[in-house]
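Thanks for asking me to look over this model with you. Below are my notes, written as numbered points for someone meeting the structure for the first time.

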Protein chains: 2
Amino acid sequence: MENLSSKQSQVLRFLMDFNADYGFPPTIRELCDHFGFKSLNTAHFHLRSLEKKGYIQIHPGKGRGITLPEARRLPERKIPVVGRIAAGLPILALENIEDFLGIDKGFFCTEKSFAVQVKGDSMVDAHIQDGDYVIIKIQDQAQNGDIVAALIDDEVTLKYFYRRKRQIRLESANPKYPPLIFKKEEARSFRILGIMAGLVRKRQ
Amino acid sequence: MENLSSKQSQVLRFLMDFNADYGFPPTIRELCDHFGFKSLNTAHFHLRSLEKKGYIQIHPGKGRGITLPEARRLPERKIPVVGRIAAGLPILALENIEDFLGIDKGFFCTEKSFAVQVKGDSMVDAHIQDGDYVIIKIQDQAQNGDIVAALIDDEVTLKYFYRRKRQIRLESANPKYPPLIFKKEEARSFRILGIMAGLVRKRQ
DNA sequence: CAAAATATAGAACGTATGTTCTACTTACAG
DNA sequence: CTGTAAGTAGAACATACGTTCTATATTTTG
């Protein structure tokens, strides 16, 4: 999915929120009012951009004729699946979201959360398999022994977290993979996105 | 909630379907077209009736200004958690249901399904931990190697399923536990409830 | 640097859409 | 039988709403 400018993101977010609140999309004039646009064409322009990039569908001539893809209709309660994290963007930026899990956020008692799909066997000893979705509660702190989602080179990785004096150790739950060790001074080369709050496996 | 006449039911159903398809409600004229009404007032009248009975909310003056209650936007169907199965009762009898998981049944592609909470470590080698919820697709057949939920002495148990000639073997995924072997003539002492369709772990 | 994408403003136009009024039919309960 | 609710029809009206054209400024990109 093509990248969105920050204004386009804001407009899409507003469409989703408005839809969730009222059950129907806003008119172009309501869009203008909300953002303070003084011209109808400004709002109309953003809608056309969003449609060109495939985020919405416009039904010409129909009042409030904006269709959001089903995944984005009531997303506020569903858990977003985050794929690659584009540099600089916040975790939950729309561009990072691949899909939504049909699970209410409240189920895992974590309003601020997302999911990542596990690739590979680096966490099998924690009983986390290839293909599992791990639900991550967003926070930048972690305790020793927590399973954390860390961002290393735009890539989301799951590891056990251990801090000792001047260094942080990120360990796999599989002896095949060596631990990653970060000294305090190079702590900026990775970032903790959150800690594991649950797991979902879709498998026969 | 007050009862609906059959026409009113049909109109409400149409509102829900239209909403699900397009992401916005129909106009009064679209309602007329669908039902073959020749007067706008007919459709308008039904909408007013539905609002008076509390099924929808009308926003006067707004195009497509119909709000369905959130519950009716996307029907929610949660997965029941089954505990002990009382003798003689069907699996999904209300008496057997301990709780519901806030997960839509469709998520695991199994309309007929339930969940059991795992107790113990008999399936750890299949990466199923103590406390995990395993989603079971209801069916009475199983293939060799499937993980099945079986009813043994009113107790729901998870096992690997193997059939060989005149006997059925139910194996744990943990060498600590010996396999259960049933000869064909004693096959009535257990019952297959269904096969594993997914897993949910709620854990920090 | 030039071209393209992004962002915004203002105005004019036509039609899509909700509202309301009158009127008629059928079924049903008091 | 008479009143009330459900269901339908037709028409007139006001306005909510999308569309399109012209212009301008800023930022990004090749």
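1. In this predicted model, a polar backbone atom of Lys38(B) sits 2.7 Å from a phosphate oxygen of DNA strand D. That is a polar contact (a pair of N or O atoms within 3.5 Å; within protein, one must be able to donate a hydrogen and the other to accept it, and residues adjacent in sequence count only if both atoms are side-chain atoms). Two further phosphate oxygen contacts of DNA strand D go to Gly61(A), through a polar backbone atom at 2.9 Å, and to Lys7(B), through an N or O atom of the side chain at 3.1 Å. The elements giving two or more residues to this surface are α2 (28-35) and α3 of chain A together with α1 (6-22) and α3 of chain B. Helices here are DSSP runs (H or I, at least four residues), and strands likewise (E, at least two), numbered from the N terminus.

2. A word on how to read the names and values: residues are numbered from 1 along each chain as its sequence is written, while chains are lettered from A and ligands numbered from 1 in the order in which they are written. Because this is a predicted model, local features need pLDDT of at least 70 and side-chain atom pairs count only at pLDDT 80 or more, totals for chains, interfaces and linings use all residues, and side-chain values use heavy atoms, with hydrogens and water left out.

3. Which residues come nearest to DNA strand D? Of the 25 around that strand, they are Arg29(A), Arg64(A), Lys38(B), Ser39(B) and Asn41(B). A residue is near a strand or molecule if one of its heavy atoms lies within 4 Å of it. Of the atoms of DNA strand D that come within 4 Å of the protein, 56% belong to sugar and phosphate. The surface near this strand divides into five nonpolar, 13 polar and seven charged residues. In this scheme Ala, Val, Leu, Ile, Met, Phe, Trp, Tyr, Cys and Pro are nonpolar, Asp, Glu, Lys and Arg are charged, and the others, Gly among them, are polar.

4. Now turn to DNA strand C. Lys38(A), Ser39(A), Asn41(A), His46(A) and Ile28(B) come nearest among the 25 residues around DNA strand C, and sugar and phosphate make up 56% of the strand's atoms that come within 4 Å of the protein. By class, the surface near DNA strand C has five nonpolar, 13 polar and seven charged residues.

5. What do the polar contacts of DNA strand C look like? Lys38(A) places a polar backbone atom 2.7 Å from a phosphate oxygen, and a backbone N or O atom of Gly61(B) lies 2.9 Å from a phosphate oxygen. Arg29(B) reaches a base oxygen, with an N or O atom of its side chain 3.0 Å away. The largest share of the surface near this strand, four residues, comes from α3(A).

6. Please look at how the helices pack in chain A. The axes of α1(A) and α3(A) are 10 Å apart, at an angle of about 90 degrees; axes are lines fitted to C-alpha atoms, for helices over the stretch in contact, and angles run from 0 to 180 degrees between N-to-C directions. That angle makes α1(A) roughly perpendicular to α3(A) (65 to 115 degrees; under 35 is roughly parallel, over 145 roughly antiparallel, and the rest oblique). Lys7(A), Gln8(A), Val11(A), Leu12(A) and Leu15(A) of α1(A) make the contact with His46(A), Leu47(A), Ser49(A) and Leu50(A) of α3(A), where contact means heavy atoms within 4.5 Å.

7. In chain B, α2(B) and α3(B) have axes that come within 8 Å and cross at roughly 105 degrees, so α2(B) is roughly perpendicular to α3(B). Ile28(B), Arg29(B), Leu31(B) and Cys32(B) of α2(B) meet Leu40(B), Ala43(B), His44(B) and Leu47(B) of α3(B). This contact has six nonpolar, one polar and one charged residues.

8. Finally, the two protein chains: 39 residues of chain B are in contact with 40 residues of chain A. Together they bury about 3,300 Å², 54% of it on carbon and sulfur atoms; buried area is the accessible area (1.4 Å probe) that two parts lose on being put together, summed over both. Phe107(B), His127(B) and Arg201(B) supply 20% of the area that chain B buries against chain A, more than any other three residues.
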